[in-house]
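Visitor: I would like to learn how to read a protein structure, beginning with its aromatic rings. Could you take me through it feature by feature?

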Amino acid sequence: MGLLKKILKMPKNSKITLLFIILLLILVTSLTKYYGSTDIADYSDTAKYFAGIYAADVRSSHSYLYGFMHFPFVGILENFFIFKITSLIFLLGIVYSVYIISNKNPKSLLLMLFSPIVWYMAPWISPIQLSSLCLLWAYYFLNSYDKTGKISNSIYTGLLIGLAIAFWDTMLFFGAFLVLPYLIDKKVSHLALITIAIFAGLLPRFILDYALFNF
């Protein structure tokens, strides 16, 4: 409701611009036949495999979790349109999260919505959008932990980083780059706690890999 009130208080031209950008983003994402150009088959074929409409054994070097999350819709619709919907949801989630983290500054909405990377990634079949949303909130809770020392914030950080890695392997490096500078002058026990929380966040992937490969 706070966001809606701030939008309603915006100048008329700003409100029209905001609405136009969101509608245009939805249209571009929905109407284009573009689904990305890198690793998209690793996630789309995984979804088809779990939906029972893939004629071969699935082979992917990436996490199977993202494809597994989408397979019921891929099986019902028999296309990959659900990936565009979730991509847009996660990207708009990032936009809204930046608004929250920036102390609800309406200008952050326009800044993010005009960001080329949002438009570039909107149609893509990729877990990067979801993993980035997790990493953004991991940063928020880690920054709160650094300021307040509350252990609960460090646990949230670990869980979110673990979940980000569960969907996209490269988040292992981004997560490490995020955590280590904050914890370099903290207790070793706090680093251990975050590490345990990261493994807890990875559990969905561990469980799926165990069910698929007994690994």
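Guide: Let us begin with the rings, bearing in mind that what we are looking at is a predicted model. The structure holds 19 aromatic pairs, and one of them is formed by Tyr120 and Trp124, whose ring centres are 5.6 Å apart and whose planes make an angle of 45°, which gives a tilted pair.

Visitor: What do the distance and the angle describe?

Guide: A pair of aromatic rings is described by exactly these two values, the distance of the centres and the angle of the planes. In this case the 45° between the planes of Tyr120 and Trp124 goes with the word tilted.

Visitor: Are Tyr120 and Trp124 buried or exposed?

Guide: Trp124 has a relative accessible area of 6% and is therefore buried, whereas Tyr120, at 47%, counts as partly exposed.

Visitor: Which residues do ring pairs link into a cluster?

Guide: The cluster joins Tyr35, Tyr43, Tyr66, Phe80, Phe83 and Phe167 through ring pairs. Tyr35 has a further partner, since the charged end of Lys84 sits over its ring, 4.5 Å from the centre.

Visitor: How should I think about the nonpolar side chains?

Guide: In soluble globular proteins, nonpolar side chains tend to be buried together. Here the largest nonpolar core has 52 residues, and those with the most contacts inside it are Tyr66, Phe83, Leu142, Ile161 and Leu178. Helix H8, which covers residues 128-148, gives the most to this core, with nine residues.

Visitor: Which residues does Tyr66 touch?

Guide: Leaving aside residues up to four places away in sequence, Tyr66 touches Tyr43, Phe83, Thr86, Phe90, Ser126, Pro127, Leu130 and Phe167.

Visitor: What should I know about helices before I look at one?

Guide: An α-helix has 3.6 residues a turn, so residues three or four places apart point the same way. This protein has twelve helices and zero strands. Helix H5, for example, runs over residues 81-101, and its 21 residues reach 30 Å from the first C-alpha to the last, close to the 30 Å expected at 1.5 Å a residue. Just after H5, Asn103 takes a positive phi of about 60°.

Visitor: How much of the protein is buried, and what is its exposed area?

Guide: Of its 215 residues, 41% count as buried, while the protein exposes about 12000 Å², with carbon and sulfur atoms supplying 70% of that area. Its C-alpha atoms fill a box of roughly 55 × 50 × 25 Å along the principal axes.

Definitions and conventions
Residues are numbered from 1 along each chain as its sequence is written. This is a predicted model: local features need pLDDT of at least 70, side-chain atom pairs count only at pLDDT 80 or more; totals for chains, interfaces and linings use all residues. Side-chain values use heavy atoms; hydrogens and water are left out. Helices (H or I, at least four residues) and strands (E, at least two) are DSSP runs, numbered from the N terminus. The expected span of a helix is 1.5 Å times one less than its number of residues. A nonpolar core is a set of buried Ala, Val, Leu, Ile, Met, Phe, Trp, Tyr and Cys residues joined through side-chain atoms within 4.5 Å. Buried means under 20% relative accessible area, exposed over 50%, partly exposed in between (1.4 Å probe, protein chains only). Contact means heavy atoms within 4.5 Å. Rings of Phe, Tyr and Trp (its six-membered ring) pair if their centres lie within 6.5 Å; planes under 30 degrees apart count as stacked, over 60 as edge-to-face and the rest as tilted. A charge sits over a ring if NZ of Lys or CZ of Arg is within 6 Å of the ring centre and within 35 degrees of the ring normal. Accessible areas come from the Shrake-Rupley method with a 1.4 Å probe; for residues, only the protein chains shown count as cover.
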